[in-house]
Amino acid sequence: AKRNGKHRHELFHPSMATEATRLVQLEHDLRQALLEDQFEVYLQPIVSQLDGSLVSAEALLRWQHPTKGLLTPIHFMTFLENSNMINDVGQLVIDRVCQYLAADNIDHQLPDNLRISINVSARELFHPDYVENVKATLLRYGLTGQRLEFEITEGVAIQSIADAIEIMRQLKTLGITFALDDFGTGYSSLSYLKQLPVDTVKIDKSFINDITHDNQDAALVACIMAIAQTLNLKTVAEGVEELDQADWLRQYEGVCMQGYLYSKPIPMPDFHQQWKKPAA
Ligand code: C2E
Ligand code: CA
Ligand code: CA
Ligand code: CA
């Protein structure tokens, strides 16, 4: 280091090189992952509060990394969403989900017309070919949009609410429904909730965590439930881990539950084994 180094602004720090190297490596690895089919789609059940029966499921991306093992999106989603690769990965997820739903030997084991939720990021939704690609995928597998729900965050509205609404309308004509994800964590959730044509509100895990002993969180969830009821929206509570939380939520009729209390996200082949519809 230079003599005066301590008092200078450091324009370049070794950690920046490390970070840059990491990102170059990540981009390379992600391209490889697409080429070599390393992505997997896991499913997490969303269940009824009444009897714990299966209502729907959320598709969650996993990356079977050749050296690092199974990676969750926290390790790569921000990077993907900031690159065009999210479009390819998003298409892969829709394709896998539709393929799964259309497979005869699987579909007959699932509750009739089970709907699967897919996370869609803003960049995907606004891609000029998005609606056409979704339509083509449904057609290819002989499915209607009634088998899919798209989960979006209010981030999509920030770019252009009018455009977001228009794209959502087009997808809704196919039968696809929409959920507003991570509700309550953004800046202007209420105005977006009012304007976007959504069917379901997903209450973020951060509100559910301490719901049984934090009065503020409890009051906020009560508000969200009241809003959802007023706007005639379905509700899903994310991240339900404990029986106490589920019991607390049960005071609200109709709220569906998603969380480790019921099941972690699991590989597709395990899903229909574990969540078979009851024998007729
Ligand atoms: P999210 O949409 O809020 O999904 C819920 C996350 O909470 C998932 O994390 C799920 O595994 C986790 N989770 C569910 N129940 C519990 C619980 O009881 N306790 C705890 N601690 N966690 C629980 P995951 O799978 O790591 O995904 C993280 C985020 O990555 C998702 O958050 C979603 O925003 C994004 N993501 C996942 N798959 C996709 C995808 O295919 N496309 C896009 N665009 N984003 C995706
Ligand atoms: Ca989600
Ligand atoms: Ca969330
Ligand atoms: Ca999310």
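**Exercise 1.** State whether D182 is buried or exposed, or in between, in this predicted model.

*Solution.* Start with the classes: buried means under 20% relative accessible area, exposed over 50%, and partly exposed in between (1.4 Å probe, protein chains only). D182 has a relative accessible area of 29%, so D182 is partly exposed.

The model is predicted: local features need pLDDT of at least 70, side-chain atom pairs count only at pLDDT 80 or more, and totals for chains, interfaces and linings use all residues. Residues are numbered from 1 along each chain as its sequence is written, chains are lettered from A and ligands numbered from 1 in the order in which they are written, and side-chain values use heavy atoms, with hydrogens and water left out.

**Exercise 2.** Find the protein donors of the calcium ion (ligand 3) and place them along the chain.

*Solution.* Donors are N, O and S atoms within 2.8 Å of the metal (3.2 Å for Na, K and Ca); water is not among the atoms, so sites may look incomplete. For the calcium ion (ligand 3), the protein donors are D182 (OD), D204 (OD), E238 (OE) and E238 (OE), at 2.2 to 3.1 Å. Their spacing along the chain reads D-x21-D-x33-E. Next, locate two of them: D182 is in strand β6 (residues 177–183) and E238 in the loop between β8 (234–237) and α12 (243–249), 56 residues apart, a pair that links distant parts of the chain. Helices (H or I, at least four residues) and strands (E, at least two) are DSSP runs, numbered from the N terminus. Finally, E238 has a relative accessible area of 11%, so E238 is buried.

**Exercise 3.** Do the same for the calcium ion (ligand 2), and give its separation from the calcium ion (ligand 3).

*Solution.* E58 (OE), N119 (OD1), E151 (OE) and D181 (OD) coordinate the calcium ion (ligand 2) at 2.1 to 2.4 Å. The spacing of these donors is E-x60-N-x31-E-x29-D. E58 lies in strand β2 (residues 54–65) and E151 in strand β5 (residues 148–152), which puts this pair 93 residues apart. E58 counts as buried because its relative accessibility is 6%; E151, at 2%, is buried. The two calcium ions, ligand 2 and ligand 3, are 5.7 Å apart.

**Exercise 4.** Describe the protein as a whole, beginning with how many helices and strands there are.

*Solution.* There are 13 helices and ten strands. Of the 280 residues, 46% are buried. Contact means heavy atoms within 4.5 Å; among contacts with a separation of 6 or more, 67% join residues 24 or more positions apart.
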